[in-house]
Amino acid sequence: VDTVFLVILVWSVLRSVRGFMGGSRRNPGRRVRQDARSAGPSSTGGNTARDPVCGMFVSTEVSHRLSENGKVLHFCSEKCLHAYQKSAARAS
Ligand SMILES: [Zn+2]
């Protein structure tokens, strides 16, 4: 009886572990996002924000930030940041 219980225990543990790993591996396009760095959301696992200039998604950890009207904008590069500042200055 003890052996049967042990087998059931091991089986249920293995099943839950396999289900957990399969769940994270099932996501398609994950490898694609890793290749195209910062081209899509959730590539690094952290927060991402959309660059309002070029439209690409950037990790908020590595982005170039600009505070405007109490909200923070994230840019992929200094170039986009400057382009945004230039267009904002022109608009006002
Ligand atoms: Zn950009």
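Helices and strands are runs assigned by DSSP, with at least four residues for a helix and at least two for a strand, and they are numbered from the N terminus.

**Figure 1. Overall architecture of the predicted model.** The structure shown is a predicted model. Its secondary structure comprises three helices and four strands. Along the sequence, these elements appear in the order α-α-β-β-β-β-α. The protein has 92 residues, of which 16% are buried. When contacts between residues at least 6 apart in sequence are considered, 14% of them join residues at least 24 apart.

**Figure 2. The zinc site.** Four residues coordinate the zinc ion: Asp 51 through OD, and Cys 54, Cys 76 and Cys 80 through SG, at 2.0 to 2.3 Å. Along the chain, the spacing of these donors is D-x2-C-x21-C-x3-C. Distant parts of the chain are linked by the pair Cys 54 and Cys 76, which are 22 residues apart. Cys 54 belongs to the loop between strand 1 (48-50) and strand 2 (57-59), while Cys 76 belongs to the loop between strand 4 and helix 3. The arrangement is tetrahedral because the four donor atoms subtend angles of 99 to 120 degrees around the zinc ion. For four tetrahedral donors, the ideal angle at a metal is 109.5 degrees.

**Figure 3. The cysteines that hold the zinc ion.** The cysteines at the zinc site are Cys 54, Cys 76 and Cys 80. Cys 54 has a relative accessibility of 41% and therefore counts as partly exposed. Cys 76, with a relative accessibility of 27%, is likewise classed as partly exposed. Cys 80 has a relative accessible area of 10%, so this residue is buried. A disulfide is a covalent bond between the sulfur atoms of two cysteines. A search of the whole structure returns zero disulfides.

**Figure 4. The surroundings of Cys 76.** Cys 76 is located in the loop that runs between strand 4 and helix 3. Leaving aside residues up to four places away in sequence, Cys 76 touches Asp 51, Cys 54, Met 56, Val 58 and His 64. Among these residues, Asp 51 and Cys 54 also coordinate the zinc ion. His 64 is twelve residues from Cys 76 along the chain, and the C-alpha atoms of the two residues are separated by 6.3 Å.

**Figure 5. Helix 3 and its two faces.** Helix 3 spans residues 78-91, which amounts to 14 residues. The distance from its first C-alpha to its last is 20 Å, close to the 20 Å expected at 1.5 Å a residue. Cys 80, Leu 81 and Tyr 84 are the buried residues of this helix. They lie on the same side of helix 3 because they cover an arc of only 105 degrees around the axis. These buried residues pack against strand 3 (64-68) and strand 4 (71-75). On the face turned away from the buried side, helix 3 carries the exposed residues Lys 79, Lys 86, Ala 89 and Arg 90. Cys 80 thus appears both among the buried residues of the helix and among the ligands of the zinc ion.

**Figure 6. Two exposed loop residues, Glu 61 and Asn 69.** Glu 61 lies in the loop between strand 2 and strand 3. Its relative accessible area is 60%, so Glu 61 is exposed. Glu 61 is 13 residues from Thr 48 in sequence, and the two are 8.2 Å apart in space, C-alpha to C-alpha. Asn 69 is found in the loop between strand 3 and strand 4. This residue counts as exposed because its relative accessibility is 78%, and exposed means over 50%. Most residues other than glycine have a negative phi. Asn 69 has a positive phi of about 50 degrees, although it is not a glycine.

Methods: Residues are numbered from 1 along each chain as its sequence is written. This is a predicted model: local features need pLDDT of at least 70, side-chain atom pairs count only at pLDDT 80 or more; totals for chains, interfaces and linings use all residues. Side-chain values use heavy atoms; hydrogens and water are left out. The expected span of a helix is 1.5 Å times one less than its number of residues. Buried means under 20% relative accessible area, exposed over 50%, partly exposed in between (1.4 Å probe, protein chains only). The arc is that of the directions from the helix axis to the C-beta atoms. Contact means heavy atoms within 4.5 Å. A disulfide is a pair of cysteine sulfur atoms within 2.5 Å. Donors are N, O and S atoms within 2.8 Å of the metal (3.2 Å for Na, K and Ca); water is not among the atoms, so sites may look incomplete. Four donors count as tetrahedral if all angles lie between 85 and 135 degrees; four count as square planar and six as octahedral if opposite donors are over 155 degrees apart and all others between 65 and 115; anything else is irregular.
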